[in-house]
Amino acid sequence: IDHKEGVWIEDCVELSRYIESRLNREEEDYELEVGSAGIGQPFKVLQQYINHVGCEVEVLTKDGRKLSGVLKEADEQHFVVTISKKVKEEGAKRPKMMDEDLNFTYEEIKYTKYLISFK
């Protein structure tokens with residue numbers, strides 16, 4: 001289970017009790033485990049992208065590039081991540097940090113996940 005404001009243990013307990021009340025152990029033995037998707041797990045559905053717009057994410061592309069940046073937007077076809085990179089402008093002595101928007105389709109990536117920061 002997942003929710004924009006987070007999932008609490010009480011949410012897991014409530015869902016577990018609801019599901020258990022509709023299963024019959026007399027008919028079939030089962031093991032039920034209810035839990036949150038986990039903060040460091042890759043996104044699986046579009047709503048997770050939408051919920052994390054404005055947050056730092058890590059993207060691993062199918063061609064092996066690992067990028068970190070801010071998730072700028074997401075829709076059914078693609079998502080945009082703003083990365084910061086050093087660019088040396090012509091005539092400048094030092095490179096300076098510049099933002100660049102990278103546009104990805106979901107087919108181009110292996111995963112996207114929330115980047116946990118303790119700063």
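**View 1. How the strands of the sheet are ordered.** Two strands pair if DSSP finds at least two bridges between them. Strands (E, at least two residues) and helices (H or I, at least four) are DSSP runs, numbered from the N terminus. This is a predicted model, in which local features need pLDDT of at least 70 and side-chain atom pairs count only at pLDDT 80 or more, while totals for chains, interfaces and linings use all residues. Residues are numbered from 1 along each chain as its sequence is written, and side-chain values use heavy atoms, leaving out hydrogens and water. With that settled, here is the sheet: five strands make up an open arrangement with antiparallel pairing, and reading across gives the order β4-β3-β2-β1-β5. At its edges lie β4 and β5, each of which pairs on one side only.

**View 2. From β1 to β2.** Strand β1 covers residues 56–61 and strand β2 covers residues 66–74. Five bridges hold this antiparallel pair together. To find your bearings, look for V57, which stands opposite G69 in β2.

**View 3. The hairpin from β2 to β3.** Moving on from β2, a hairpin of three residues leads into β3. Strand β3 spans residues 78–87, and four bridges join β2 to it in the antiparallel sense. A handy landmark here is L71, whose bridge partner in β3 is V81.

**View 4. The pairing of β3 with β4.** Ten bridges connect β3 and β4, again in the antiparallel sense. One place to look is S84, which has D99 as its bridge partner in β4. S84 also serves as one end of a long span: its C-alpha atom is 51 Å from that of L23, with the two positions 61 residues apart along the chain. L23 itself is found in the loop between α1 (9–21) and α2. Its relative accessible area is 40%, and L23 therefore counts as partly exposed (buried means under 20%, exposed over 50% and partly exposed in between, using a 1.4 Å probe and protein chains only).

**View 5. Aromatic rings around Y49.** Rings of Phe, Tyr and Trp (its six-membered ring) pair if their centres lie within 6.5 Å, with planes under 30 degrees apart called stacked, over 60 edge-to-face and the rest tilted. By this rule there are five aromatic pairs. In one of them, the centres of the F43 and Y49 rings are 5.0 Å apart and the planes stand at 80°, so this pair is edge-to-face. Both F43 and Y49 are buried. Y49 and Y106 also form an edge-to-face pair, with 5.0 Å from centre to centre and 80° between the planes. This second pair links distant parts of the chain, 57 residues apart: Y49 belongs to helix α2 (residues 46–51), and Y106 to the loop between β4 (96–105) and β5 (109–114). Y49 has a relative accessibility of 5%, which is why it counts as buried. Follow the ring pairs through the view and you will trace a cluster made of F43, Y49, F79, F104 and Y106.

**View 6. The nonpolar core and the surroundings of V81.** Here a nonpolar core is a set of buried Ala, Val, Leu, Ile, Met, Phe, Trp, Tyr and Cys residues joined through side-chain atoms within 4.5 Å. The largest one has 13 residues, and Y49, F79 and V81 touch the most other members. Elements giving two or more residues to this core are β1, β2, β3 and β4. Zoom in on V81 and, leaving aside residues up to four places away in sequence, you will find that it touches V57, V59, G69, V70, L71, K72, E100, D101 and L102 (heavy atoms within 4.5 Å).

**View 7. A salt bridge between β2 and β4.** Four salt bridges are counted in the model (a side-chain nitrogen of Lys or Arg within 4 Å of a carboxyl oxygen of Asp or Glu). In this view K72 meets D101, and their closest N and O atoms are 2.5 Å apart. K72 lies in strand β2 and D101 in strand β4, so the bridge ties together parts that are 29 residues apart in sequence. Both ends are partly exposed: the relative accessible area is 43% for K72 and 39% for D101.

**View 8. Two further salt bridges.** R65 forms a salt bridge with D63, the closest N and O atoms lying 3.3 Å apart. D63 is exposed, at 58% relative accessible area, whereas R65 is partly exposed, at 41%. E89 forms another with K96, where the closest N and O atoms are 3.8 Å apart. Here E89 is partly exposed with a relative accessible area of 38%, and K96 is partly exposed with 43%.
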